[in-house]
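Colleague: Could you take a close look at a single part of this model for me, and then follow the connections outward from there?

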Amino acid sequence: MPLWLSAIARAITTFNRWLFQLTVWLMAIVVPVMLYEVVMRYFFNAPTVWGMELAVLLFGPYFLLGGPFLLHLKGHVALDLLRQRLSAAWTRRLDLVNYPVIVVFCGILLVYSVPAALSAFEYRETSFSAWNPPVWPVKAAVPLALLLMLLQALVEFARALFGVADEEPRA
């Protein structure tokens with residue numbers, strides 16, 4: 001892989017790793033909120049109007065923004081039973097088909113998610129629930145995650161194309 005491409009690939013993967021490690025901390029908010037909600041609901045018969053909604057609003061970005069680095073870790077759903085039986089050459093060929101499909105898929109979703117996120121931001125969209133928090137930040141996470149997934153898929157395609165092993169540890 002050319003040096004300039006290797007540097008870009010490393011930068012994209014490093015950024016996605018950093019974002020992955022940051023989004024993991026969203027669970028440090030979601031878990032206590034859900035615990036509080038369960039205790040209030042079932043022990044005191046006083047459910048909150050915000051607990052479940054906050055958990056859902058935080059879980060969306062957690063799930064989405066962790067995905068690009070998870071692609072690098074090969075942690076997404078895959079046909080592992082099939083891949084385990086393939087030779088390294090066939091696994092590489094499969095990757096050379098798989099990653100462009102991911103790029104196209106992310107590109108199509110990106111085209112449709114950007115206007116929705118911009119509209120939600122422009123109108124300062126809220127959830128219209130009793131608590132009524134803003135949802136535009138969560139909607140903004142969708143095109144951001146898709147862009148980062150697209151870039152990571154391009155990185156993984158380049159690594160497969162040039163036969164480059166991962167330069168950094170996977171965890």
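Modeller: I would begin with D95, keeping in mind that this is a predicted model. D95 is buried because its relative accessible area is 8%, which falls under the 20% cut-off used for that class. The residue is found in helix α5, and, leaving aside its neighbours within four places in sequence, D95 is in contact with R83, P100 and A160.

The helix that carries D95 runs over residues 88–122. Helix α5 has 35 residues and reaches 49 Å from its first C-alpha to its last, which is close to the 51 Å expected at 1.5 Å a residue. Even so, α5 bends by about 30 degrees at L110, and L110 itself belongs to the buried residues of the helix. Besides D95 and L110, the buried residues of α5 are T91, Y99, I102, V103, C106, S113, A117 and A120. What covers them includes α3 (51–72), α4 (80–85) and α6 (136–162). Helix α5 is followed by R124, whose phi is positive, near 50 degrees.

The salt bridges come next, and by the rule applied here their count comes to four. One of them involves the loop between α5 and α6: the side chains of K139 and E125 meet with an N to O distance of 2.9 Å. Since K139 lies in helix α6 and E125 in that loop, the pair ties together parts that are 14 residues apart in sequence. Neither end counts as buried or exposed, because K139 has a relative accessibility of 33% and counts as partly exposed, while E125, at 24%, also counts as partly exposed.

Helix α6 takes part in another pairing, between the side chains of K74 and E156, where the salt bridge has an N to O distance of 3.9 Å; the cut-off for a salt bridge is 4 Å, and I would read this pair with that limit in mind. The pair links distant parts of the chain, with K74 in the loop between α3 and α4 and E156 in helix α6, 82 residues apart. The two ends fall into separate accessibility classes: K74 is partly exposed, with a relative accessible area of 43%, whereas E156 counts as buried at 3% relative accessibility. Salt bridges that share partners join K74, E156 and R159 into one network.

Away from α5, helix α2 (residues 27–43) holds a salt bridge of its own. E37 pairs with R41, the closest N and O atoms being 2.8 Å apart. Both residues lie in α2, four residues apart, which is about one turn of the helix. Here E37 counts as buried because its relative accessibility is 3%, while R41 is partly exposed, with a relative accessible area of 36%.

The residue V38 also lies in helix α2, and it contributes to the surface. Together with Y42, F43 and F44, V38 makes a nonpolar surface patch of about 520 Å². V38 can be counted in such a patch because its relative accessible area is 37%, and the patch rule asks for over 30%. By the accessibility classes V38 is partly exposed.

Technical notes:
Residues are numbered from 1 along each chain as its sequence is written. This is a predicted model: local features need pLDDT of at least 70, side-chain atom pairs count only at pLDDT 80 or more; totals for chains, interfaces and linings use all residues. Side-chain values use heavy atoms; hydrogens and water are left out. Helices (H or I, at least four residues) and strands (E, at least two) are DSSP runs, numbered from the N terminus. The expected span of a helix is 1.5 Å times one less than its number of residues. The bend at a residue is the angle between axes fitted to the seven residues ending there and the seven starting there. Buried means under 20% relative accessible area, exposed over 50%, partly exposed in between (1.4 Å probe, protein chains only). Contact means heavy atoms within 4.5 Å. Patches are made of residues with over 30% relative accessible area and no salt bridge: like charges are joined within 9 Å, nonpolar side chains (Val, Leu, Ile, Met, Phe, Trp, Tyr) within 5 Å. Accessible areas come from the Shrake-Rupley method with a 1.4 Å probe; for residues, only the protein chains shown count as cover.
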